[in-house]
Amino acid sequence: MSKKEVRVKTEKDKNTDKSVFSIDYFSSPDKENTRFNLYSYLMESRNTVLHINTNMSASVSPEKDRDNVIALRDMCSEDNFDFYMAPAARENSGGFLGKFLNKEGNKHTAYNILINIPEKTFNRDIFDRYMCSYFIRLGIGFETDKYDSIKSDFQTGLLVPDEFYRVFEYDLFDAFEFNHIKLISDTVSKTELERIFSK
């Protein structure tokens, strides 16, 4: 895969002094493997929390939300993943890159979901089942004994997804329906990322 197929731009966040990487994989001939390879590289030896807000999809209907949420709950139980799930306000006017998300309105409840994925657990099956229906945010890299406090802070609102960069080694937001990833970290370089995508 060439650099032209996956473009990586970087800038410094003045407030955190961390690097913000904008990864565009629209031209990739194999978008799912592009995503999976990046996730594998970052997650293989690191604890990760997966955040899903079911408002964040351009193609999943509110009716399908209910089936997906039940499936996610059951999968977490089957995989022994600790998780937290709570109703979230249905956002009927939100959008991303000019496209409306879940524009059916307030007919059904949306959900905020936080899932703990321990180190050395991530594989293609988990990727396919958990990470291909909604835009997702990954908080990658934290000590195992910190999970309970991370979960508690998330439940009480002290930790919000837009501020994952404060807690985790990598803060990754993947708007996969728009072929775009935003990654915040001070432990990876543009050259390193381009090397992942060139394999």
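Here are a few exercises with worked solutions on the structure above.

This is a predicted model, where local features need pLDDT of at least 70 and side-chain atom pairs count only at pLDDT 80 or more, while totals for chains, interfaces and linings use all residues. Residues are numbered from 1 along each chain as its sequence is written, and side-chain values use heavy atoms, with hydrogens and water left out.

**Exercise 1. Lay out the sheet**

Work out which strands form the open sheet of eight and in what order they come.

Solution. Start with what a strand is: a DSSP run of E, at least two residues long, numbered from the N terminus, just as helices are runs of H or I of at least four. Two strands pair if DSSP finds at least two bridges between them. Walking across the open sheet, you get β1-β2-β10-β9-β8-β3-β7-β4, with antiparallel pairing. At the edges sit β1 and β4 (83-88), each pairing on one side only. From one strand to the next, the twist averages 15°.

Now zoom in on one pair. β3 and β8 (residues 136-140) are antiparallel over five bridges, and V49 has G139 in β8 as its bridge partner.

**Exercise 2. Place two helices against the strands**

Find which strands α4 touches and which ones α5 lies across.

Solution. Contact here means heavy atoms within 4.5 Å. Angles run from 0 to 180 degrees between N-to-C directions, using axes fitted to C-alpha atoms, for helices over the stretch in contact. Take α4 (residues 147-156): this helix packs on the sheet and touches β3, β4 and β7 (110-117), with its direction at about 5° to that of β4. Then take α5, which lies across β1, β2 and β10 and runs at about 165° to β1.

Next, look at which α5 residues are buried (under 20% relative accessible area; exposed is over 50%, partly exposed in between; 1.4 Å probe, protein chains only). In α5 (residues 190-197) they are E192, L193, E194, I196 and F197. Their cover includes β1 (7-12), β2 (19-24), α1 (31-43) and β10 (180-185).

**Exercise 3. Track down the cores**

Identify the residues with the most contacts inside the largest nonpolar core.

Solution. A nonpolar core is a set of buried Ala, Val, Leu, Ile, Met, Phe, Trp, Tyr and Cys residues joined through side-chain atoms within 4.5 Å. The largest one has 42 residues, and I23, Y130, M131 and L193 have the most contacts inside it. Helix α1 gives the most to this core, with five residues. Apart from it lies another core, of 11 residues, including V49, Y84, A86 and L114.

Pick L193 for a closer look. Leaving out residues up to four places away in sequence, L193 touches V8, F21, I23, L38, L183 and V188.

**Exercise 4. Follow the side chain of N47**

Say where N47 sits and which backbone atoms its side chain lies by.

Solution. N47 is in the loop between α1 and β3 (48-53). Its relative accessible area is 8%, so N47 is buried. For polar contacts, look for N or O atoms within 3.5 Å; within protein, one must be able to donate a hydrogen and the other to accept it, and residues adjacent in sequence count only if both atoms are side-chain atoms. A polar atom of the N47 side chain lies 3.0 Å from the backbone nitrogen of E119. The backbone oxygen of F142 lies 2.9 Å from a polar atom of that side chain.
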